[in-house]
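Notebook open, structure viewer up. I want the overall build first, then the aromatic rings.

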Amino acid sequence: MDTSRALRTTGTVIAAAGLLLSGCTSGGAEALRTAASARGEAGGTASVPPSPDAGAMRPYYAQKLTWRDCGVPGFQCSTMKAPLDYANPGAGEDVDIAVARRVATGPGKRLGSLVVNPGGPGGSGIGYLQAYAGIGYPAPVRARYDMVSFDPRGVQRSSPVECLTGPEMDKYTQVDQTPDDAAERAELVAAFKKFAAGCEARSKRVLPHVSTVEAARDMDLLRAVVGDEKLNYVGASYGTLLGATYANLFPDRVGRLVLDGAMDPKREALDLNRDQTEGFETAFTSFAKDCAKQPDCPLGNGSPEEVGARLKDFFRKLDAQPVPSGDDKRPLGEALATTGVIAALYDENAWPQLREALTSAMNGDGAGLLGLADSYYERGADGKYANLMFANAAVNCLDQPAAFDGPDAVDRALPSFQKASPVFGAGLAWASLNCAYWPVKPTGKAGPLTAKGAAPIVVVGTVRDPATPYKWAQSLAGQLESGTLLTYDGDGHTAYGRGSDCIDTAINRYLLEGKPPADGKKC
(Lines give C-alpha, C1' and ligand atoms only; values in the text may rest on other atoms or scores of the structure.)
Protein backbone atom coordinates (compact mmCIF):
# COMPACT_ATOMS: atom_id res chain seq x y z
CA MET A 1 0.00 0.00 0.00
CA ASP A 2 1.23 3.51 -0.79
CA THR A 3 1.86 4.99 2.63
CA SER A 4 1.32 8.53 1.46
CA ARG A 5 -2.23 7.62 0.47
CA ALA A 6 -2.85 5.94 3.81
CA LEU A 7 -1.58 9.00 5.58
CA ARG A 8 -4.38 11.09 4.33
CA THR A 9 -7.16 8.77 3.95
CA THR A 10 -9.23 9.12 6.92
CA GLY A 11 -9.48 12.73 6.87
CA THR A 12 -8.07 16.14 7.03
CA VAL A 13 -6.49 18.63 9.32
CA ILE A 14 -6.69 21.59 11.57
CA ALA A 15 -3.87 23.95 11.67
CA ALA A 16 -1.44 26.43 12.82
CA ALA A 17 -2.00 29.52 10.81
CA GLY A 18 0.02 30.19 7.77
CA LEU A 19 1.94 28.18 5.27
CA LEU A 20 1.41 24.91 7.06
CA LEU A 21 -1.59 23.19 8.52
CA SER A 22 -1.85 21.03 11.52
CA GLY A 23 -4.79 18.92 12.14
CA CYS A 24 -5.59 15.91 10.05
CA THR A 25 -7.39 12.78 10.84
CA SER A 26 -5.41 9.74 10.06
CA GLY A 27 -6.00 6.11 10.39
CA GLY A 28 -7.91 3.49 8.53
CA ALA A 29 -6.31 1.39 5.89
CA GLU A 30 -8.42 2.71 3.08
CA ALA A 31 -8.54 6.26 4.18
CA LEU A 32 -7.82 9.15 1.95
CA ARG A 33 -5.43 11.21 3.90
CA THR A 34 -1.94 12.42 4.05
CA ALA A 35 -1.82 15.38 6.23
CA ALA A 36 -3.70 17.86 4.19
CA SER A 37 -3.63 21.58 4.19
CA ALA A 38 -2.13 24.86 4.44
CA ARG A 39 -1.60 26.50 7.78
CA GLY A 40 -4.51 28.28 9.29
CA GLU A 41 -5.09 28.84 12.93
CA ALA A 42 -7.14 26.70 15.12
CA GLY A 43 -10.09 28.71 16.28
CA GLY A 44 -12.80 28.76 18.89
CA THR A 45 -16.39 29.80 18.30
CA ALA A 46 -17.71 30.81 21.66
CA SER A 47 -19.12 34.05 20.25
CA VAL A 48 -22.44 32.92 18.79
CA PRO A 49 -24.54 35.33 16.72
CA PRO A 50 -28.26 35.69 17.46
CA SER A 51 -30.55 32.88 16.38
CA PRO A 52 -31.86 33.45 12.88
CA ASP A 53 -35.47 34.42 12.27
CA ALA A 54 -37.61 31.30 12.52
CA GLY A 55 -40.08 32.41 9.87
CA ALA A 56 -37.38 33.14 7.31
CA MET A 57 -35.73 29.80 8.08
CA ARG A 58 -38.87 27.72 7.62
CA PRO A 59 -38.47 27.21 3.84
CA TYR A 60 -34.90 26.01 4.35
CA TYR A 61 -35.96 23.42 6.90
CA ALA A 62 -38.87 22.34 4.70
CA GLN A 63 -36.81 21.76 1.56
CA LYS A 64 -36.75 18.29 0.01
CA LEU A 65 -33.48 16.83 -1.25
CA THR A 66 -33.39 15.24 -4.68
CA TRP A 67 -30.87 12.41 -4.62
CA ARG A 68 -28.95 11.44 -7.73
CA ASP A 69 -26.15 9.08 -8.63
CA CYS A 70 -22.75 10.46 -7.58
CA GLY A 71 -20.73 8.59 -10.15
CA VAL A 72 -19.23 6.59 -7.29
CA PRO A 73 -20.88 3.17 -6.88
CA GLY A 74 -23.11 2.97 -3.83
CA PHE A 75 -23.31 6.70 -3.17
CA GLN A 76 -25.96 9.32 -3.83
CA CYS A 77 -25.50 13.09 -3.98
CA SER A 78 -27.71 16.13 -3.61
CA THR A 79 -27.58 19.88 -3.03
CA MET A 80 -29.02 21.69 -0.02
CA LYS A 81 -29.84 25.39 0.13
CA ALA A 82 -28.73 27.46 3.13
CA PRO A 83 -28.83 31.20 3.73
CA LEU A 84 -25.57 32.91 2.90
CA ASP A 85 -25.99 35.13 5.97
CA TYR A 86 -27.76 33.57 8.95
CA ALA A 87 -28.11 37.00 10.54
CA ASN A 88 -30.39 37.91 7.63
CA PRO A 89 -31.84 34.67 6.24
CA GLY A 90 -34.70 36.45 4.49
CA ALA A 91 -32.39 38.45 2.23
CA GLY A 92 -32.69 35.85 -0.51
CA GLU A 93 -28.98 35.15 -0.91
CA ASP A 94 -28.26 31.45 -0.65
CA VAL A 95 -25.26 29.18 -0.62
CA ASP A 96 -25.39 25.68 -2.13
CA ILE A 97 -24.21 22.92 0.21
CA ALA A 98 -23.18 19.67 -1.48
CA VAL A 99 -24.22 16.54 0.42
CA ALA A 100 -23.77 12.81 -0.12
CA ARG A 101 -24.93 9.59 1.47
CA ARG A 102 -24.64 5.84 1.38
CA VAL A 103 -27.87 4.21 2.47
CA ALA A 104 -27.74 1.75 5.38
CA THR A 105 -26.89 -1.69 4.11
CA GLY A 106 -28.64 -3.75 6.81
CA PRO A 107 -29.34 -6.06 8.49
CA GLY A 108 -30.81 -4.61 11.65
CA LYS A 109 -33.09 -1.72 12.46
CA ARG A 110 -32.04 1.54 10.81
CA LEU A 111 -30.83 4.11 13.35
CA GLY A 112 -31.06 7.15 11.08
CA SER A 113 -28.17 9.07 9.57
CA LEU A 114 -24.60 9.29 10.83
CA VAL A 115 -23.01 12.54 9.69
CA VAL A 116 -19.22 12.45 9.47
CA ASN A 117 -16.65 15.24 9.14
CA PRO A 118 -12.91 14.69 8.55
CA GLY A 119 -11.59 17.96 9.91
CA GLY A 120 -9.60 20.77 8.39
CA PRO A 121 -11.21 23.17 8.44
CA GLY A 122 -11.46 22.76 4.71
CA GLY A 123 -11.60 18.98 4.42
CA SER A 124 -14.11 17.59 1.95
CA GLY A 125 -16.69 15.58 3.83
CA ILE A 126 -17.91 14.06 0.57
CA GLY A 127 -14.42 12.96 -0.43
CA TYR A 128 -13.93 11.48 3.04
CA LEU A 129 -17.27 9.69 2.91
CA GLN A 130 -16.66 8.15 -0.50
CA ALA A 131 -13.02 7.24 0.05
CA TYR A 132 -13.19 6.00 3.61
CA ALA A 133 -16.14 6.43 5.97
CA GLY A 134 -18.81 5.05 3.66
CA ILE A 135 -16.81 1.91 2.93
CA GLY A 136 -14.29 1.69 5.79
CA TYR A 137 -16.31 2.35 8.94
CA PRO A 138 -17.14 -0.84 10.88
CA ALA A 139 -19.70 -2.92 9.02
CA PRO A 140 -22.22 -2.98 11.92
CA VAL A 141 -22.27 0.82 11.92
CA ARG A 142 -22.73 1.05 8.15
CA ALA A 143 -25.46 -1.58 8.37
CA ARG A 144 -27.59 0.49 10.75
CA TYR A 145 -26.91 4.05 9.66
CA ASP A 146 -27.17 5.96 6.41
CA MET A 147 -23.62 7.32 6.15
CA VAL A 148 -23.92 11.03 5.34
CA SER A 149 -21.53 13.94 4.86
CA PHE A 150 -21.28 17.36 3.26
CA ASP A 151 -18.70 19.79 2.03
CA PRO A 152 -18.99 22.69 4.47
CA ARG A 153 -19.59 26.14 2.99
CA GLY A 154 -16.41 27.37 1.33
CA VAL A 155 -15.12 23.84 0.71
CA GLN A 156 -14.71 22.14 -2.68
CA ARG A 157 -18.26 21.54 -3.98
CA SER A 158 -19.95 24.08 -1.67
CA SER A 159 -19.21 27.60 -2.97
CA PRO A 160 -15.46 27.01 -2.58
CA VAL A 161 -13.09 29.71 -1.41
CA GLU A 162 -10.41 30.30 -4.02
CA CYS A 163 -7.24 32.33 -3.47
CA LEU A 164 -4.24 31.53 -5.68
CA THR A 165 -3.53 29.75 -8.96
CA GLY A 166 -1.50 26.54 -9.02
CA PRO A 167 1.76 28.28 -9.98
CA GLU A 168 1.13 30.94 -7.34
CA MET A 169 0.58 28.23 -4.74
CA ASP A 170 3.81 26.54 -5.79
CA LYS A 171 5.66 29.74 -4.98
CA TYR A 172 3.73 30.26 -1.75
CA THR A 173 4.61 26.84 -0.37
CA GLN A 174 8.31 27.48 -1.01
CA VAL A 175 8.54 30.77 0.89
CA ASP A 176 11.12 30.62 3.68
CA GLN A 177 9.23 30.02 6.94
CA THR A 178 12.24 30.74 9.16
CA PRO A 179 13.36 34.20 8.01
CA ASP A 180 16.95 35.03 8.90
CA ASP A 181 17.00 38.73 7.99
CA ALA A 182 14.80 41.70 7.15
CA ALA A 183 14.55 40.80 3.49
CA GLU A 184 13.29 37.28 4.22
CA ARG A 185 10.82 38.62 6.80
CA ALA A 186 9.48 41.05 4.22
CA GLU A 187 9.15 38.24 1.67
CA LEU A 188 7.15 36.11 4.12
CA VAL A 189 4.83 38.98 5.03
CA ALA A 190 4.34 39.75 1.34
CA ALA A 191 3.38 36.12 0.73
CA PHE A 192 0.73 36.22 3.45
CA LYS A 193 -0.62 39.50 2.09
CA LYS A 194 -0.79 38.15 -1.48
CA PHE A 195 -2.59 35.03 -0.25
CA ALA A 196 -5.17 37.12 1.63
CA ALA A 197 -5.64 39.53 -1.28
CA GLY A 198 -6.17 36.60 -3.64
CA CYS A 199 -8.89 35.20 -1.40
CA GLU A 200 -10.64 38.55 -1.27
CA ALA A 201 -10.43 39.05 -5.03
CA ARG A 202 -11.72 35.58 -5.92
CA SER A 203 -14.12 34.84 -3.03
CA LYS A 204 -15.39 38.14 -1.67
CA ARG A 205 -19.05 37.05 -1.52
CA VAL A 206 -18.58 33.95 0.59
CA LEU A 207 -15.50 34.95 2.62
CA PRO A 208 -17.42 36.62 5.53
CA HIS A 209 -19.75 33.63 5.85
CA VAL A 210 -17.65 30.48 6.30
CA SER A 211 -17.38 30.42 10.10
CA THR A 212 -17.73 27.29 12.19
CA VAL A 213 -20.96 28.64 13.68
CA GLU A 214 -22.48 28.96 10.21
CA ALA A 215 -21.30 25.47 9.25
CA ALA A 216 -22.90 24.13 12.45
CA ARG A 217 -26.18 25.81 11.52
CA ASP A 218 -25.91 24.21 8.08
CA MET A 219 -25.46 20.88 9.83
CA ASP A 220 -28.75 21.36 11.65
CA LEU A 221 -30.44 22.01 8.32
CA LEU A 222 -28.90 18.79 7.04
CA ARG A 223 -30.18 16.90 10.09
CA ALA A 224 -33.69 18.13 9.37
CA VAL A 225 -33.79 17.55 5.63
CA VAL A 226 -32.55 13.95 5.93
CA GLY A 227 -35.41 13.37 8.37
CA ASP A 228 -33.65 12.99 11.72
CA GLU A 229 -34.93 14.45 15.00
CA LYS A 230 -31.44 14.23 16.52
CA LEU A 231 -27.98 14.61 15.02
CA ASN A 232 -25.75 11.54 15.15
CA TYR A 233 -22.23 12.57 14.30
CA VAL A 234 -18.56 11.57 14.21
CA GLY A 235 -16.16 14.49 13.83
CA ALA A 236 -12.38 14.24 13.69
CA SER A 237 -9.83 16.95 14.45
CA TYR A 238 -11.42 20.31 13.51
CA GLY A 239 -14.62 18.27 13.13
CA THR A 240 -14.68 18.10 16.94
CA LEU A 241 -14.93 21.89 17.13
CA LEU A 242 -17.72 21.80 14.56
CA GLY A 243 -19.53 19.11 16.54
CA ALA A 244 -19.07 20.84 19.90
CA THR A 245 -20.27 24.11 18.38
CA TYR A 246 -23.36 22.32 17.08
CA ALA A 247 -24.02 20.82 20.50
CA ASN A 248 -23.68 24.24 22.12
CA LEU A 249 -26.14 25.79 19.64
CA PHE A 250 -28.64 22.93 19.61
CA PRO A 251 -28.19 20.85 22.80
CA ASP A 252 -31.71 19.42 22.60
CA ARG A 253 -30.98 18.04 19.13
CA VAL A 254 -27.84 16.10 20.10
CA GLY A 255 -28.07 12.38 19.44
CA ARG A 256 -24.86 10.32 19.57
CA LEU A 257 -21.82 12.56 19.09
CA VAL A 258 -18.22 11.34 18.87
CA LEU A 259 -15.52 14.03 18.90
CA ASP A 260 -12.21 12.34 18.01
CA GLY A 261 -8.89 14.21 18.19
CA ALA A 262 -10.50 17.02 20.11
CA MET A 263 -9.85 20.73 19.93
CA ASP A 264 -10.11 23.08 22.88
CA PRO A 265 -12.45 25.99 22.11
CA LYS A 266 -11.28 27.83 25.24
CA ARG A 267 -7.74 28.26 23.90
CA GLU A 268 -6.93 31.47 22.03
CA ALA A 269 -5.13 31.29 18.69
CA LEU A 270 -1.65 31.95 20.04
CA ASP A 271 -1.98 29.26 22.68
CA LEU A 272 -3.50 26.79 20.22
CA ASN A 273 -0.65 27.26 17.78
CA ARG A 274 1.96 26.92 20.50
CA ASP A 275 0.19 23.81 21.84
CA GLN A 276 0.26 22.28 18.37
CA THR A 277 3.93 23.09 18.07
CA GLU A 278 4.51 21.14 21.26
CA GLY A 279 2.34 18.35 19.88
CA PHE A 280 4.50 17.98 16.79
CA GLU A 281 7.58 17.87 18.99
CA THR A 282 5.98 15.06 20.98
CA ALA A 283 5.22 13.18 17.77
CA PHE A 284 8.74 13.77 16.46
CA THR A 285 10.20 12.45 19.73
CA SER A 286 8.26 9.21 19.22
CA PHE A 287 9.52 9.00 15.64
CA ALA A 288 13.09 9.79 16.71
CA LYS A 289 13.11 7.06 19.37
CA ASP A 290 11.88 4.54 16.82
CA CYS A 291 14.18 5.79 14.06
CA ALA A 292 17.28 5.47 16.25
CA LYS A 293 16.53 1.75 16.64
CA GLN A 294 16.27 1.13 12.88
CA PRO A 295 19.24 0.16 10.71
CA ASP A 296 18.08 2.56 7.97
CA CYS A 297 17.62 5.67 10.15
CA PRO A 298 19.22 8.55 8.21
CA LEU A 299 19.44 10.67 11.36
CA GLY A 300 21.65 8.20 13.22
CA ASN A 301 21.19 6.88 16.73
CA GLY A 302 21.22 8.52 20.11
CA SER A 303 18.66 10.53 22.06
CA PRO A 304 15.65 12.25 20.47
CA GLU A 305 17.42 15.54 21.11
CA GLU A 306 20.46 14.37 19.14
CA VAL A 307 18.28 13.04 16.32
CA GLY A 308 16.34 16.31 16.28
CA ALA A 309 19.54 18.36 16.14
CA ARG A 310 20.63 16.43 13.05
CA LEU A 311 17.28 17.04 11.35
CA LYS A 312 17.47 20.72 12.17
CA ASP A 313 20.99 20.87 10.76
CA PHE A 314 19.72 19.24 7.57
CA PHE A 315 16.98 21.86 7.32
CA ARG A 316 19.63 24.58 7.62
CA LYS A 317 21.58 23.06 4.74
CA LEU A 318 18.44 23.00 2.60
CA ASP A 319 17.77 26.62 3.50
CA ALA A 320 21.18 27.51 2.08
CA GLN A 321 21.12 25.08 -0.84
CA PRO A 322 17.96 23.19 -1.93
CA VAL A 323 18.38 19.77 -3.54
CA PRO A 324 16.80 18.53 -6.79
CA SER A 325 13.33 17.04 -6.48
CA GLY A 326 12.49 16.01 -10.03
CA ASP A 327 10.61 19.29 -10.54
CA ASP A 328 12.90 22.03 -11.78
CA LYS A 329 10.59 24.77 -10.52
CA ARG A 330 10.31 23.23 -7.07
CA PRO A 331 13.63 22.05 -5.66
CA LEU A 332 13.43 20.76 -2.11
CA GLY A 333 14.23 23.62 0.22
CA GLU A 334 13.68 23.97 3.94
CA ALA A 335 10.02 24.96 3.68
CA LEU A 336 8.87 22.00 1.59
CA ALA A 337 11.09 19.57 3.49
CA THR A 338 9.63 20.69 6.82
CA THR A 339 6.12 20.25 5.45
CA GLY A 340 6.97 16.77 4.22
CA VAL A 341 8.29 15.72 7.62
CA ILE A 342 5.27 17.15 9.44
CA ALA A 343 2.93 15.36 7.03
CA ALA A 344 4.42 12.00 7.98
CA LEU A 345 4.15 12.68 11.70
CA TYR A 346 0.36 12.46 11.57
CA ASP A 347 0.48 8.68 11.29
CA GLU A 348 3.10 6.32 12.70
CA ASN A 349 2.46 4.00 9.75
CA ALA A 350 4.26 6.60 7.63
CA TRP A 351 7.49 6.46 9.64
CA PRO A 352 9.19 3.97 7.28
CA GLN A 353 8.31 6.22 4.33
CA LEU A 354 9.70 9.22 6.19
CA ARG A 355 12.99 7.44 6.88
CA GLU A 356 13.26 6.54 3.21
CA ALA A 357 12.40 10.07 2.04
CA LEU A 358 14.92 11.63 4.44
CA THR A 359 17.62 9.19 3.35
CA SER A 360 17.07 10.10 -0.30
CA ALA A 361 16.96 13.82 0.41
CA MET A 362 20.19 13.68 2.39
CA ASN A 363 21.74 11.96 -0.62
CA GLY A 364 20.57 14.71 -2.97
CA ASP A 365 17.16 13.44 -4.14
CA GLY A 366 14.26 15.40 -2.66
CA ALA A 367 11.45 13.70 -4.56
CA GLY A 368 10.20 11.67 -1.60
CA LEU A 369 9.84 14.59 0.79
CA LEU A 370 8.32 16.70 -1.98
CA GLY A 371 5.73 13.98 -2.51
CA LEU A 372 4.82 14.05 1.16
CA ALA A 373 4.54 17.84 1.08
CA ASP A 374 2.35 17.70 -2.04
CA SER A 375 0.02 15.21 -0.40
CA TYR A 376 -0.19 17.47 2.63
CA TYR A 377 -1.09 20.47 0.49
CA GLU A 378 -3.40 18.40 -1.78
CA ARG A 379 -1.45 19.26 -4.90
CA GLY A 380 -2.28 17.08 -7.87
CA ALA A 381 0.17 15.78 -10.43
CA ASP A 382 -1.26 18.37 -12.84
CA GLY A 383 -0.06 21.19 -10.58
CA LYS A 384 -3.55 22.08 -9.40
CA TYR A 385 -4.40 22.34 -5.71
CA ALA A 386 -7.61 21.37 -3.97
CA ASN A 387 -9.11 24.31 -2.10
CA LEU A 388 -8.36 22.86 1.35
CA MET A 389 -5.63 25.40 2.10
CA PHE A 390 -7.83 28.31 1.07
CA ALA A 391 -10.87 27.18 3.05
CA ASN A 392 -8.68 26.38 6.03
CA ALA A 393 -7.38 29.92 6.31
CA ALA A 394 -10.80 31.43 5.59
CA VAL A 395 -12.48 29.55 8.43
CA ASN A 396 -9.68 29.89 10.96
CA CYS A 397 -9.17 33.61 10.39
CA LEU A 398 -12.92 34.17 10.83
CA ASP A 399 -13.29 32.00 13.92
CA GLN A 400 -10.76 33.82 16.11
CA PRO A 401 -8.69 37.00 16.27
CA ALA A 402 -5.22 36.50 14.79
CA ALA A 403 -2.46 35.03 16.92
CA PHE A 404 -0.11 37.88 15.99
CA ASP A 405 -0.60 41.42 14.70
CA GLY A 406 2.80 41.65 12.99
CA PRO A 407 6.38 40.38 12.82
CA ASP A 408 7.41 42.07 16.07
CA ALA A 409 4.83 40.00 17.94
CA VAL A 410 6.26 36.85 16.39
CA ASP A 411 9.73 37.87 17.55
CA ARG A 412 8.49 38.19 21.12
CA ALA A 413 6.88 34.74 21.02
CA LEU A 414 9.72 32.92 19.25
CA PRO A 415 11.49 31.77 22.43
CA SER A 416 8.34 30.06 23.72
CA PHE A 417 7.72 28.35 20.37
CA GLN A 418 11.33 27.19 20.15
CA LYS A 419 11.09 25.84 23.67
CA ALA A 420 7.95 23.95 22.68
CA SER A 421 9.79 22.49 19.67
CA PRO A 422 13.49 23.02 18.97
CA VAL A 423 12.98 21.49 15.51
CA PHE A 424 9.72 23.07 14.32
CA GLY A 425 9.15 25.99 16.70
CA ALA A 426 10.45 28.88 14.61
CA GLY A 427 8.63 27.83 11.44
CA LEU A 428 5.33 27.24 13.21
CA ALA A 429 5.59 30.58 15.02
CA TRP A 430 6.03 32.48 11.76
CA ALA A 431 3.27 30.41 10.14
CA SER A 432 0.90 31.75 12.77
CA LEU A 433 1.20 35.25 11.32
CA ASN A 434 -1.04 34.75 8.29
CA CYS A 435 -4.36 35.86 9.81
CA ALA A 436 -2.86 39.24 10.68
CA TYR A 437 -3.46 40.29 7.08
CA TRP A 438 -6.89 38.74 6.55
CA PRO A 439 -9.38 40.98 4.70
CA VAL A 440 -12.40 40.00 6.85
CA LYS A 441 -12.65 40.73 10.55
CA PRO A 442 -13.12 37.70 12.82
CA THR A 443 -16.63 36.98 14.05
CA GLY A 444 -15.78 34.43 16.74
CA LYS A 445 -13.62 34.28 19.83
CA ALA A 446 -12.27 31.68 22.23
CA GLY A 447 -14.48 30.48 25.04
CA PRO A 448 -15.90 27.31 26.62
CA LEU A 449 -18.59 25.27 24.94
CA THR A 450 -20.84 23.59 27.51
CA ALA A 451 -23.79 22.22 25.50
CA LYS A 452 -25.93 22.36 28.63
CA GLY A 453 -28.69 19.77 28.53
CA ALA A 454 -27.21 17.69 25.71
CA ALA A 455 -27.22 13.89 25.70
CA PRO A 456 -23.87 12.18 26.51
CA ILE A 457 -21.06 13.22 24.15
CA VAL A 458 -17.93 11.06 23.73
CA VAL A 459 -14.65 12.99 23.48
CA VAL A 460 -11.64 10.98 22.29
CA GLY A 461 -8.03 11.96 22.89
CA THR A 462 -4.78 10.30 21.77
CA VAL A 463 -1.92 10.71 24.23
CA ARG A 464 0.76 11.49 21.62
CA ASP A 465 -1.40 13.16 19.01
CA PRO A 466 0.72 15.65 17.03
CA ALA A 467 -2.03 17.98 15.81
CA THR A 468 -4.60 18.01 18.60
CA PRO A 469 -2.70 17.57 21.87
CA TYR A 470 -4.23 15.26 24.45
CA LYS A 471 -4.79 18.06 26.93
CA TRP A 472 -7.29 19.58 24.49
CA ALA A 473 -9.46 16.46 24.72
CA GLN A 474 -9.26 16.60 28.50
CA SER A 475 -10.33 20.23 28.44
CA LEU A 476 -13.21 19.78 25.98
CA ALA A 477 -14.58 16.78 27.88
CA GLY A 478 -14.52 18.91 31.02
CA GLN A 479 -16.26 21.85 29.36
CA LEU A 480 -19.12 19.85 27.89
CA GLU A 481 -21.73 19.29 30.58
CA SER A 482 -22.36 15.76 29.29
CA GLY A 483 -18.84 15.06 28.00
CA THR A 484 -17.15 11.74 28.68
CA LEU A 485 -13.44 11.26 27.95
CA LEU A 486 -12.11 8.20 26.12
CA THR A 487 -8.30 7.98 25.99
CA TYR A 488 -6.05 6.16 23.52
CA ASP A 489 -2.49 5.70 24.77
CA GLY A 490 -0.88 5.73 21.35
CA ASP A 491 0.72 7.72 18.54
CA GLY A 492 -0.77 9.50 15.55
CA HIS A 493 -3.70 11.79 14.96
CA THR A 494 -7.16 10.62 16.14
CA ALA A 495 -8.04 7.13 17.39
CA TYR A 496 -11.21 5.67 15.87
CA GLY A 497 -10.50 3.23 13.07
CA ARG A 498 -6.73 3.31 13.62
CA GLY A 499 -6.20 -0.22 14.90
CA SER A 500 -7.27 -0.14 18.55
CA ASP A 501 -9.96 -2.76 19.16
CA CYS A 502 -10.57 -1.19 22.57
CA ILE A 503 -11.31 2.24 21.10
CA ASP A 504 -13.38 0.89 18.21
CA THR A 505 -15.45 -1.38 20.44
CA ALA A 506 -16.26 1.45 22.85
CA ILE A 507 -17.29 3.84 20.06
CA ASN A 508 -19.24 1.21 18.13
CA ARG A 509 -21.20 0.30 21.26
CA TYR A 510 -22.05 3.96 21.82
CA LEU A 511 -23.12 4.50 18.20
CA LEU A 512 -25.16 1.29 18.02
CA GLU A 513 -26.57 1.02 21.54
CA GLY A 514 -26.34 4.57 22.87
CA LYS A 515 -24.12 3.49 25.77
CA PRO A 516 -21.12 5.80 26.18
CA PRO A 517 -17.90 4.44 27.70
CA ALA A 518 -17.24 5.23 31.33
CA ASP A 519 -15.73 8.67 31.75
CA GLY A 520 -11.96 8.32 31.90
CA LYS A 521 -11.79 4.94 30.13
CA LYS A 522 -8.29 4.28 28.74
CA CYS A 523 -7.20 2.03 25.89
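Below are my entries, going from the whole chain to single ring pairs.

**Entry 1, overall build.** I'm working with a predicted model here. I counted secondary structure and got 18 helices and 12 strands. Next I checked the radius of gyration: it is 21 Å, close to the 24 Å from the globule rule for 523 residues, so the chain is as compact as a globular protein of that length. The C-alpha box along the principal axes comes to roughly 60 × 45 × 40 Å.

**Entry 2, burial and contacts.** I looked up burial, and 62% of the 523 residues are buried. For contacts between residues at least 6 apart in sequence, I found that 75% join residues at least 24 apart.

**Entry 3, surface and charge.** The chain exposes about 18,300 Å², with carbon and sulfur atoms supplying 49% of that. I tallied 54 positive and 61 negative side chains, and the centres of the two sets sit 5 Å apart.

**Entry 4, rings.** How many aromatic pairs are there? I get 14. One of them is Phe-280 with Tyr-346, edge-to-face, at 5.6 Å centre to centre and 80° between the planes. Phe-280 is in helix H9 and Tyr-346 in the loop between helix H11 and helix H12, so this pair ties together parts 66 residues apart in sequence. Phe-280 is buried at 1% relative accessibility, and Tyr-346 is buried at 0%.

I also checked Phe-284 and Phe-287: their ring centres are 6.0 Å apart with planes at 45°, so I logged the pair as tilted. Both lie in helix H9, 3 residues or about one turn apart, and both are buried.

**Entry 5, a cluster.** Last lookup: ring pairs link Tyr-128, Tyr-132, Tyr-137 and Tyr-496 into a cluster.

Methods:
Residues are numbered from 1 along each chain as its sequence is written. This is a predicted model: local features need pLDDT of at least 70, side-chain atom pairs count only at pLDDT 80 or more; totals for chains, interfaces and linings use all residues. Side-chain values use heavy atoms; hydrogens and water are left out. Helices (H or I, at least four residues) and strands (E, at least two) are DSSP runs, numbered from the N terminus. The radius of gyration is taken over C-alpha atoms; the globule rule is 2.2 Å times the number of residues to the power 0.38. Buried means under 20% relative accessible area, exposed over 50%, partly exposed in between (1.4 Å probe, protein chains only). Contact means heavy atoms within 4.5 Å. Accessible areas come from the Shrake-Rupley method with a 1.4 Å probe; for residues, only the protein chains shown count as cover. Lys and Arg count as positive and Asp and Glu as negative; His and the chain ends are not counted. The place of a charge is taken as NZ of Lys, CZ of Arg, CG of Asp or CD of Glu. Rings of Phe, Tyr and Trp (its six-membered ring) pair if their centres lie within 6.5 Å; planes under 30 degrees apart count as stacked, over 60 as edge-to-face and the rest as tilted.
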